[in-house]
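Below are some notes on the model, set out as numbered points. Please read them with the structure open.

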Amino acid sequence: CWKGYKAPNRIIQINNENQCQDIDECSKNASLCGLNAECFNKGGGFDCACKQDYLPSPGLDWEFGKTKCVKPNCPDNALKELCLFNIVLEKIKANPNMVLPEMTVKNYLAMAIKGTTQLASQDATQQSKAFDSYQ
């Protein structure tokens with residue numbers, strides 16, 4: 001079997017009837033991705049993504065055994081989601097060829113949508129303060 005797959009129990013020969021099965025690394029080791037991170041099983045492997053309100057460090061691309069999920073420092077008057085998204089955007093601009101796991105992209109998009117929704121519900125003065133906090 002290929003890496004990340006195993007033969008079914010008590011099967012010696014792999015064929016159309018007895019195919020290799022995906023190993024669910026995430027269920028075998030709940031802390032596989034580390035503190036404040038989630039593990040997502042995928043065929044032949046897994047992806048890690050930081051939980052809500054956390055960002056991977058030192059970069060956005062996950063390096064197993066090196067990346068940690070940390071709470072970023074955001075200005076007190078900033079909307080948390082917009083601050084997080086702004087940090088992500090700057091890291092992407094610095095490395096435009098980076099490929100991110102699907103769950104990481106979904107988390108960042110959800111963060112941006114939540115932040116812009118919160119910002120849209122504020123009055124013009126609050127909106128101006130939020131934007132000023134990023135300059």
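**Notes on the predicted model**

1. Of the 135 residues of the protein, 28% count as buried. The model is a predicted one. Its mean pLDDT is 81, and 88% of the residues reach 70 or more. Confidence varies by element: helix H1 (residues 25-28) has the highest mean pLDDT, 92, and helix H4 (residues 124-132) the lowest, 61. Any reading of H4 should be made with that value of 61 in mind.

2. The secondary structure consists of four helices and six strands. Read from the N terminus, their order is β-β-α-β-β-β-β-α-α-α. Among the contacts with a separation of 6 or more, 37% are between residues 24 or more positions apart.

3. Helix H2 (residues 80-94) was checked for length. Its 15 residues should span 21 Å at 1.5 Å a residue, and the end C-alpha atoms lie 22 Å apart, so the two values agree. The buried residues in H2 are Glu-81, Leu-82, Cys-83, Leu-84 and Val-88. As background to such a list, an α-helix has 3.6 residues a turn, so residues three or four places apart point the same way.

4. How many aromatic pairs are there? The count is one. The ring centres of Phe-46 and Phe-64 are 5.7 Å apart and the planes meet at 75°; the pair is edge-to-face because that angle is over 60 degrees. Phe-46 belongs to strand S4 (residues 45-50), while Phe-64 is in the loop between strand S5 (55-57) and strand S6 (68-70). The two are 18 residues apart, and the pair thus links distant parts of the chain. Phe-46 is partly exposed at a relative accessible area of 24%, whereas Phe-64, at 54%, counts as exposed.

5. A second ring to look at is that of Tyr-54. Lys-71 lies over the face of this ring, at 5.1 Å from its centre.

6. Asp-47 is also in strand S4. Is Asp-47 buried or exposed? Its relative accessibility is 18%, and it therefore counts as buried, the limit being 20%. The side chain of Asp-47 makes a polar contact of 3.4 Å with the side chain of Lys-42. With neighbours within four places in sequence left aside, the residues in contact with Asp-47 are Cys-33, Glu-38, Cys-39, Phe-40, Lys-42 and Pro-101.

7. Thr-67 lies in the loop between S5 and S6 and is buried, with a relative accessible area of 7%. A polar atom of the Thr-67 side chain is 2.8 Å from the backbone nitrogen of Glu-63. Outside its neighbours within four places in sequence, Thr-67 is in contact with Pro-56, Ser-57, Pro-58, Asp-61 and Trp-62.

8. One of these partners, Pro-58, is worth inspecting for its backbone. The peptide bond from Ser-57 to Pro-58 is cis, with omega near 20°. Pro-58 is found in the loop between S5 and S6. Both Ser-57 and Pro-58 are listed among the contacts of Thr-67.

9. Which values of phi call for a look at Asn-36 and Asp-53? For Asn-36, phi is near 65°, which is positive in a residue other than glycine. Asn-36 is in the loop between H1 and strand S3 (37-42) and is partly exposed, with a relative accessible area of 21%. For Asp-53, phi is near 80°, again a positive value in a residue other than glycine. Asp-53 is placed in the loop between S4 and S5, and it is buried at a relative accessible area of 19%.

10. Gln-52 is in the loop between S4 and S5. With a relative accessible area of 56%, Gln-52 is exposed. Gln-52 and Asn-36 are 16 residues apart in sequence, and the distance between their C-alpha atoms is 8.5 Å.

Terms used: Residues numbered from 1 in each chain as written. Heavy atoms only, no water. Phe/Tyr/Trp six-rings, centres within 6.5 Å; stacked < 30°, edge-to-face > 60°. Buried < 20%, exposed > 50% of the residue type's maximum accessible area, 1.4 Å probe, protein only. Lys NZ or Arg CZ within 6 Å of the ring centre and 35° of its normal. Expected span 1.5 Å × (residues − 1). Polar contact = N/O pair within 3.5 Å; in protein donor to acceptor, adjacent residues only side chain to side chain. Contact = heavy atoms within 4.5 Å. pLDDT = per-residue confidence, 0-100.
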